[in-house]
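Morning, everyone. Please have the sequence and the structure open. I'll take you through it piece by piece.

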Amino acid sequence: MWHGFCGVQERQWFNWETDAWDLIVGKSTPAALGTPDYFGVTPNYAYSPIIKKFVDRLPGVGPANANNLGQFIPIAVSDTTTYLGSDYYQIGLVNYTQKLHTQLPATQLRGYRDLSPSADGKAHYLGPLIIAQRDRPVRLKFTNMLPITGTVGTNLFLPVDTTIMGAGAGPLDDGGAPCDPMNTTCANYPQNRAVIHLHGGLTPWISDGTPHQWITPAGDPSPFKKGVSFQNVPDMPDPGDGSATYYYPNQQSSRLMFYHDHAYGMTRLNVYAGEAAGYLLTDTVEEALISSKVLPDLGGVYHYGIPLIIQDKTFVPESFLDTPLVNGTAYPYLNVTRKAFRFRILNACNDRFLNLQLYLADPASTKEVKMVPARPHVGYPANWREGRGRARSAPRGSGDGPDRHRRRFPAGAGGAPQHSDRLCL
Ligand SMILES: [Cu+2]
């Protein structure tokens, strides 16, 4: 997170040839979306194209908080009458496209659509967000609406490694007879399998969405219809082929979770493709903290804070996960005013721990933030990168912090803040 004026907007990367942090744009001066050249003169097609930073707003919650690309995270529409005492949701799985940055074409995605008649009928990346209350169950009917085997769009649009167990051949032949893939050619598991798992939820096993509880779309000709552990919720009507029911008791404290695919052999790919959405659990303790002003109340859909769902993606066919998305946009910004904000930060990366820090960006420099010289590490091996005196190693401490920050907000009459500022993510 770069906090402050987001003036310099190109990618920064450590260059092992020169032992320095380079702004890639300063090195190879490619056009927007050009091929980055991180290692001397050799093109590296495996890296995402150069994307201008901090030009798109953060997608917010609900259509009123859509960004300049029209992206937003919808709140799932709850049905409180079909199952009295429970919030009921109907969610489908579809292929769709969405623009994730101004300079990128629309990206092919596979994800969830709120099937409530009151929803807008569209899939939205990271949506629909389910807001649940402690001790009030959520019931879910999930329908796999992907194309059936043999039609366009059946297969995942990402490369699937069929040598991984559960992704290639299974124990049935094309006619559905038992088959031993160790000894003969059997049918492949289809790539339109899906299941929903509530990540972090205390969920009974029938509804846990384990790797062996996937389903294929209704009418799919594959001999593999559902995982061997598949169960519907006993006190809900059988939803039929292509659908599954889930019961989440919500008997745990408030937290931001997410629900995502968990299909055997392709969980990582399905989640990467977009099968993930937020699940915000609230409770009376949190409400008391908000009403007593211990936690800031930003009002409306941000009563429980602003979600920042961070993921790592690549926009080329190989996956180096070199581009962060926040709420579905690459390098977004958020206009903030001088008051306390509450962010609900979720690491939904495939491959990364996150070390989040706040820095004041330096509009006078060609770098995003000021950097300090590296200190040599006495006694380290000669080829140890840390000790080789590269030009800049870390953001300069004097460039961050509340003192510098405060100067950017001259007070108006009565000490009221006059200016807003950009939080670059
Ligand atoms: Cu998970």
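Let's begin with a turn. How many residues sit between β14 and β15 in their hairpin? Two residues lie between those strands. One residue in that turn, N327, has a positive phi of about 55°.

A word of caution before we go on. This is a predicted model. I'll come back to its confidence at the end.

Now, the sheet around that hairpin. Four strands make up an open sheet, in the order β15-β14-β13-β17. The pairing is mixed. Why do β15 and β17 count as edges? β15, residues 329–330, has a single partner strand, and so has β17, residues 343–347, so each has one side without a neighbour in the sheet.

Let's walk across it. Start with β17 and β13. Strand β13 covers residues 306–313 and runs parallel to β17, with five bridges between them. Want a landmark? Find I306; its bridge partner in β17 is F343.

Next step across: β13 to β14. Strand β14 covers residues 323–326, and its pairing with β13 is antiparallel, over four bridges. Here the landmark is Q311, whose bridge partner in β14 is L325.

Last step: β14 to β15. This pairing is antiparallel too, with two bridges. L325 turns up again here, standing opposite A330 in β15.

Now zoom out to the whole chain. The protein has 425 residues, and 36% of them count as buried. It contains four helices and 21 strands. How do the contacts spread along the sequence? Take contacts between residues at least 6 apart in sequence: 65% of them join residues at least 24 apart.

On to the core. The largest nonpolar core has 73 residues. Y279 and L425 have the most contacts inside it. Which strand gives the most to this core? That is β12, residues 276–282, with five residues. Look at Y279 for a moment. Leaving out residues up to four places away in sequence, Y279 touches I130, A132, L198, M257, F258 and Y259.

Now a contrast with the core: helix α3, residues 284–291. How many of its eight residues are buried? The number is zero, so α3 lies largely in the open. Just after α3 comes K293, with a positive phi of about 65°.

Two more residues have a positive phi. Take F54. Its phi is near 60°, and F54 is not a glycine. F54 sits in the loop between α1, residues 24–28, and β4, residues 56–57. Is F54 buried or exposed? F54 has 22 C-beta neighbours inside 10 Å, so it counts as buried. The cut-off for buried is 20 or more.

Then take D135. Its phi is positive, about 65°, and D135 is not a glycine either. D135 belongs to the loop between β7 and β8, the latter being residues 138–144. With 11 C-beta neighbours inside 10 Å, D135 counts as exposed. The cut-off for exposed is 12 or fewer.

What about a residue in between? Try Q108, in strand β6, residues 107–114. Q108 has 15 other C-beta atoms within 10 Å, so it is partly exposed. Not counting residues up to four places away in sequence, Q108 touches T97 and F157. Now find A273. Q108 and A273 are 165 residues apart in sequence, and their C-alpha atoms are 7.9 Å apart in space.

One backbone detail to spot on your screens. G127 and P128 are joined by a cis peptide bond, with omega about -10°. P128 is in strand β7, residues 126–133.

Finally, confidence, as promised. The average pLDDT of the protein is 83, and 76% of the residues score at least 70. Where is pLDDT below 50? One such stretch is residues 7–30, which has 50 contacts in the model beyond near neighbours in sequence. Residues 383–391 are also below 50, and that stretch has 14 contacts beyond near neighbours in sequence.

That's my tour. Questions, please.

Methods. Residues numbered from 1 in each chain as written. Predicted model: local features only at pLDDT ≥ 70, side-chain atom pairs only at ≥ 80, totals over all residues. Pairing = 2+ DSSP bridges. Contact = placed C-beta atoms within 7 Å. Core = buried A, V, L, I, M, F, W, Y, C linked by C-beta atoms within 7 Å. pLDDT = per-residue confidence, 0-100.
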